[in-house]
Amino acid sequence: MEQATNKKEIGIRFRWKRLLNYGSVVKQMPFFLFLAGLAVIYIYNGHLADKLSRDIAKTEKELKELEYEYKTVKGQVLFQSKQSELVKAVAPLGLQEMSVPPLILADSTGNKN
């Protein structure tokens, strides 16, 4: 029985030595290079996805900031364009709101312009 197990161990060792000799390794080199290339592409793809994810998050943040700024400016413009605010804004210039309606001028032929 002991002799059978020794033969199996020798057979397994012989198989490993046969697979790891110089000729066998050189023969499998294209496959190893292919696997190395796939690993490099896999790592690059992961880095590219991370970079893209960071860029998307940064752009979303900038978009939110611009949206808030737009809403603030729009609110200010609407507030300043009210009639009461316009009167306050032009008061230092000496302008006042008209209390009488404008006059309609007519030329010598009687046509209104």
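**Reading a four-helix predicted model**

Me: I can see that Lys88 and Glu85 share helix H4, three residues apart, about one turn of the helix. What counts as a helix or a strand here?

Reply: Both are DSSP runs, numbered from the N terminus: helices are H or I with at least four residues, strands are E with at least two. This protein has four helices and zero strands, so you don't need the strand part of that rule here. Going along the sequence, the pattern reads α-α-α-α. Helix H4 covers residues 83–90.

Me: What kind of model is this, and where is its confidence lowest and highest?

Reply: Residues are numbered from 1 along each chain as its sequence is written, and this is a predicted model, where local features need pLDDT of at least 70 and side-chain atom pairs count only at pLDDT 80 or more, while totals for chains, interfaces and linings use all residues. Side-chain values use heavy atoms, with hydrogens and water left out. pLDDT is the predictor's confidence in each residue, from 0 to 100. The mean for this protein is 86, with 81% of residues reaching 70 or more. Confidence is lowest in helix H1 (residues 2–19), with a mean of 67, and highest in H3, with a mean of 97.

Me: Back to Lys88 and Glu85. What links their side chains?

Reply: A salt bridge joins Lys88 to Glu85, with the closest N and O atoms 3.6 Å apart. The rule asks for a side-chain nitrogen of Lys or Arg within 4 Å of a carboxyl oxygen of Asp or Glu. By that rule, the count comes to two salt bridges.

Me: Which residues form a salt bridge in helix H3?

Reply: Look at Glu67 and Lys71, whose side chains meet at 3.5 Å, N to O. They sit four residues apart in helix H3, so about one helical turn separates them.

Me: Is each partner in these bridges buried or exposed?

Reply: Go by relative accessible area: buried is under 20%, exposed is over 50%, and partly exposed is in between (1.4 Å probe, protein chains only). Lys88 counts as exposed because its value is 56%, whereas Glu85 comes out at 18% and so counts as buried. Over in H3, Lys71 is exposed at 51%, and Glu67 is partly exposed at 37%. For the whole protein of 113 residues, 2% count as buried.

Me: Which residues does buried Glu85 touch?

Reply: Glu85 touches Phe79 and Gln80, leaving aside residues up to four places away in sequence. Contact here means heavy atoms within 4.5 Å.

Me: What does UniProt list for residues 25–44?

Reply: Its unreviewed entry places a "transmembrane region" there. UniProt annotations may be inferred rather than shown by experiment; positions use the numbering here and feature names are shortened. In the model, residues 25–44 are 95% helix and 0% strand, and their end C-alpha atoms are 27 Å apart. Try finding Leu35, which is in helix H3. Leu35 has a relative accessible area of 38%, so it is partly exposed.

Me: And which residues does UniProt list as a "coiled-coil region"?

Reply: The unreviewed entry gives residues 49–76 for that feature. Over residues 49–76 the chain is 100% helix and 0% strand, and the end C-alpha atoms lie 41 Å apart.
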